[in-house]
Amino acid sequence: MGWKMRLATAALFLGLTMVVTGDEEENDSCVYDPLSDIDAVLCKGLEVFYPELGNLGCMFVPDCNDYRRKITYWPQPIVKFPGALEDATYILVMVDPDAPSRSSPKAQFWRHWLVTDIKGVDLKKGKIQGRELSAYQPPSPPAQSGFHRYQFFVYLQEGKTISLLPKENITRGSWKMDIFLNRFQLNEPEASTQFMTQNYQDSPNFQASGGGSSEPKVRRKQR
């Protein structure tokens, strides 16, 4: 093959590569969108890490890679409070205030996770080891209920013995969180954060694929 032919072949290959790369970038819809400023007010010092996603604090679960389905069966996240006092003990609360929907939260608050007696030295490292009063329940927003907020709060326990009343253990929904906090004089949280997601079947990418999952590359959208 002469040098002119080799040069023409190389140019053709380069052109095809640029077209494919451009198409990939156009179809890359895996964007980590930040929450609005109103919802971001809750994000104070707490980090929540899920597999594949990293820290979801103050973010929407991205509509790609089947993440909105995966988060419904992944195990408990790593929750880290870098500002925790090593010799203190803490309480971790995870709730959904939008049950069954944000527009009609008749079952507010849905208790997803409640752990007490967490040592500060562990919480700094993201190790949630304590007394689990409510086992972790993954986010599972109902179809056609819009986006749900999943909120995490950390409270200083200060030697108190924390427990749920028998009636509180009957169901996780319609939990009177404010009454629970007042009962144990738990005031402002030491740290908090939240993320938002919706039922994966309501996601545009799921619907556009006819029920399958999209698999674009991941890129973070800066706030």
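## Salt bridges, strands and aromatic pairs in the predicted model

Arg69 has a relative accessible area of 26% and is therefore partly exposed, falling between the 20% limit for buried residues and the 50% limit for exposed ones. This residue offers a convenient way into the structure, which is a predicted model. The side chain of Arg69 meets that of Asp66 in a salt bridge, with a distance of 3.1 Å from N to O. The pair is one of 7 salt bridges in the structure.

Two further salt bridges can be described alongside this one. Glu158 and Lys160 bring their side chains together at 3.4 Å, N to O. With a relative accessible area of 58%, Glu158 lies over the 50% limit and is therefore exposed. Another salt bridge links Glu168 with Arg183, and here the closest N and O atoms are 2.8 Å apart. Glu168 belongs to helix 5 (residues 166–170) and Arg183 to helix 6 (residues 177–183), so this pair ties together parts that are 15 residues apart in sequence. The two partners fall into separate classes of accessibility: Glu168 is buried, at 10% relative accessible area, whereas Arg183 is partly exposed, at 27%.

A wider view of the chain helps to place these details. The protein chain contains 7 helices and 10 strands. Of its 223 residues, 43% are buried. Among the contacts with a separation of 6 or more, 75% are between residues 24 or more positions apart. The accessible surface of the chain comes to about 12,000 Å², and carbon and sulfur atoms account for 55% of that surface.

The strands come next. Strands of a sheet pair through backbone hydrogen bonds, and the pairing may be parallel or antiparallel. In one open sheet, 3 strands are arranged in the order 3-2-4 with antiparallel pairing. Strand 3 (54–55) and strand 4 (78–80) each have a single partner strand and stand at the edges, so one side of each is left without a neighbour in the sheet. Strand 2 (residues 47–50) runs antiparallel to strand 3, and 2 bridges join them. Across this pairing, Phe49 stands opposite Asn55 of strand 3.

Is strand 9 (residues 191–197) enclosed by the rest of the structure or left open to the outside? All 7 of its 7 residues are buried, so strand 9 is largely enclosed by the rest of the structure. Burial holds on both of its faces: Ala191, Thr193, Phe195 and Thr197 point one way, Ser192, Gln194 and Met196 point the other way, and all are buried. Strand 8 (residues 148–156) runs antiparallel to strand 9 and is joined to it by 7 bridges. In one of these pairings, Val154 has Ala191 of strand 9 as its bridge partner.

Two residues of strand 9 also appear in the surroundings of Asp39. Asp39 is part of helix 2 (residues 37–40) and is buried, with a relative accessible area of 9%. Which residues does Asp39 contact, leaving aside its neighbours within four places in sequence? The contacts of Asp39 are Arg102, Arg149, Gln194 and Met196.

Aromatic rings add another set of relationships, with 11 aromatic pairs found in the whole structure. Trp113 and Tyr136 form an edge-to-face pair, 5.2 Å from centre to centre and with 70° between the planes. Trp113 lies in strand 6 (residues 110–119) and Tyr136 in the loop between strand 7 (131–134) and strand 8, so the pair ties together parts that are 23 residues apart in sequence. Both rings belong to buried residues, Trp113 at 0% relative accessibility and Tyr136 at 13%. In a further pair, the rings of Phe180 and Phe184 have centres 5.4 Å apart and planes at 65°, so this pair too is edge-to-face. Phe180 is buried, at 1% relative accessibility, and Phe184 is buried, at 10%.

Other aromatic residues gather in a group. Tyr50, Tyr67, Trp74, Tyr150, Phe152 and Phe195 form one aromatic cluster. Phe195 has already been met as one of the buried residues of strand 9. Finally, an aromatic ring also takes part in an arrangement with a charge: the charged end of Arg111 sits over the ring of Trp175, at 5.1 Å from the ring centre.

How values were computed: Residues numbered from 1 in each chain as written. Predicted model: local features only at pLDDT ≥ 70, side-chain atom pairs only at ≥ 80, totals over all residues. Heavy atoms only, no water. Buried < 20%, exposed > 50% of the residue type's maximum accessible area, 1.4 Å probe, protein only. Helix = DSSP H or I, 4+ residues; strand = E, 2+ residues; numbered from the N terminus. Pairing = 2+ DSSP bridges. Salt bridge = Lys/Arg side-chain N within 4 Å of Asp/Glu carboxyl O. Contact = heavy atoms within 4.5 Å. Areas by Shrake-Rupley, 256 points an atom, 1.4 Å probe, with all protein chains shown as cover. Phe/Tyr/Trp six-rings, centres within 6.5 Å; stacked < 30°, edge-to-face > 60°. Lys NZ or Arg CZ within 6 Å of the ring centre and 35° of its normal.
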